[in-house]
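Reader: Please show me the model. Then I will press you on the terms you use.

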Amino acid sequence: SYCRSQAPGKVISGEEHFSSKKCLAWFYEYAGPDEVVGPEGMEKFCEDIGVEPENIIMLVLAWKLEAESMGFFTKEEWLKGMTSLQCDCTEKLQSKFDFLRSQLNDISSFKNIYRYAFDFARDKDQRSLDIDTAKSMLALLLGRTWPLFSVFYQYLEQSKYRVMNKDQWYNVLEFSRTVHADLSNYDEDGAWPVLLDEFVEWQKVRQAS
């Protein structure tokens with residue numbers, strides 16, 4: 001990787017001074033002639049840092065870089081984000097993985113990442129997320145922590161919904177945080193979107209049968 005190639009035989013310590021010049025050279029290892037890291041460059045980048053593209057760390061990193069589109073990093077996003085992380089090579093970024101993961105355990109950071117994921121993942125000419133993308137992103141974000149996730153996923157699989165809008169997306173997080181797994185405290189007169197009212201109805205019918 002770039003860090004090691006700069007100084008053969010010497011392992012760079014994370015404490016070493018951050019260099020914008022080195023950070024830019026690191027960017028160009030992955031960027032195409034259009035000065036953007038696209039799908040191919042992203043694949044190589046993931047390989048070099050040892051992370052699968054669908055690993056949630058990549059979503060947290062994209063959030064830190066304020067990346068606009070999934071699968072792409074612009075030069076501005078890279079320089080601004082990596083500077084704030086003080087990373088100018090692979091090893092330094094790898095040393096930040098625990099920090100990036102820890103953002104998911106912080107309630108307000110997680111909420112920001114969750115909200116960011118909606119705009120990040122949607123096609124920019126669409127105002128909503130197509131339902132398959134929504135399901136994948138929800139699995140990534142809530143799959144391990146929300147006890148009702150697998151039931152909600154099943155509900156989406158059989159539902160008539162083809163897209164999920166921003167209001168529905170935001171409310172799914174709120175629902176996952178406030179409504180008990182047995183739905184006993186669900187307020188039908190609350191301001192929940194119809195999608196969630198229908199989910200609760202569907203689940204209650206299943207529980208009763």
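**Terms and values**

Author: Start with glutamine 103, in the loop between α7 (97–102) and α8 (107–121). Helices are DSSP runs of H or I with at least four residues, strands are runs of E with at least two, and both are numbered from the N terminus. The model is predicted, so local features need pLDDT of at least 70 and side-chain atom pairs pLDDT 80 or more, while totals for chains, interfaces and linings use all residues. Residues are numbered from 1 along each chain as its sequence is written, and side-chain values use heavy atoms, without hydrogens and water.

Reader: What makes glutamine 103 count as buried?

Author: Its relative accessibility is 11%. Buried means under 20% relative accessible area, exposed means over 50%, and partly exposed lies in between (1.4 Å probe, protein chains only). So 11% falls in the buried class.

Reader: Which residues does glutamine 103 touch?

Author: Val60, Trp63, Lys64, Ser109, Phe110 and Ile113, leaving aside residues up to four places away in sequence. A contact means heavy atoms within 4.5 Å.

Reader: Why is glutamate 66 called exposed?

Author: Its relative accessible area is 52%, so it passes the exposed limit. Glutamate 66 sits in the loop between α4 (56–65) and β2 (73–74). Its phi is positive, about 55 degrees, although it is not a glycine.

Reader: And glutamine 86: what class does it get, and why?

Author: Partly exposed, because its relative accessibility is 41% and lies between the two limits. Glutamine 86 lies in the loop between α5 and α6 (90–94). It follows α5, and its phi is positive, near 60 degrees.

Reader: How do you know where the buried residues of α5 lie around its axis?

Author: Take the list: Glu77, Trp78, Gly81, Met82 and Leu85. Down the axis of α5, they fall within an arc of 105 degrees, so they line one face of the helix. The arc is that of the directions from the helix axis to the C-beta atoms. On the other side of α5, Glu76, Lys80 and Ser84 are exposed. An α-helix has 3.6 residues a turn, so residues three or four places apart point the same way.

Reader: What makes phenylalanine 27 and tryptophan 78 an edge-to-face pair?

Author: Two values: 5.6 Å centre to centre and 65 degrees between the planes. Rings of Phe, Tyr and Trp (its six-membered ring) pair if their centres lie within 6.5 Å; planes under 30 degrees apart are stacked, over 60 edge-to-face, the rest tilted. So both tests are met. Phenylalanine 27 is in α2 (residues 20–28) and tryptophan 78 in α5 (residues 75–85), so the pair ties together parts 51 residues apart in sequence. Both residues are buried.

Reader: Why does the label edge-to-face also fit phenylalanine 152 and phenylalanine 199?

Author: Their centres are 5.0 Å apart and their planes 85 degrees apart, so the pair meets the same tests. Phenylalanine 152 lies in α10 and phenylalanine 199 in α12, so the pair ties together parts that are 47 residues apart in sequence. Phenylalanine 152 is buried at 0% relative accessible area. Phenylalanine 199 counts as buried at 0% too.

Reader: Which aromatic cluster holds Phe152 and Phe199?

Author: One made of Trp146, Phe152, Tyr155, Phe175, Tyr186, Trp192, Phe199 and Trp202. The structure holds 25 aromatic pairs.

Reader: How do you know that the span of α12 agrees with its length?

Author: The expected span of a helix is 1.5 Å times one less than its number of residues. For the 15 residues of α12 (residues 194–208) that gives 21 Å, and its end C-alpha atoms are 21 Å apart, which agrees. The buried residues of α12 are Leu195, Leu196, Phe199, Val200 and Gln203. They cover an arc of only 135 degrees, which puts them on the same side of α12. On its other side, Val194, Glu201, Val205 and Ala208 are exposed. The cover over the buried residues includes α10 (149–158), β4 (163–164) and α11 (166–178).

Reader: Why is valine 172 called buried?

Author: Its relative accessible area is 0%, so it falls under the buried limit. Valine 172 lies in α11. Beyond four places in sequence, its contacts include Phe152, Leu195 and Leu196.

Reader: What makes you say a charge sits over the ring of tyrosine 170?

Author: The charged end of arginine 115 is 3.9 Å from the ring centre. The rule asks for NZ of Lys or CZ of Arg within 6 Å of the ring centre and within 35 degrees of the ring normal. The charged end of lysine 135 likewise sits over the ring of tyrosine 153, 5.6 Å from its centre.
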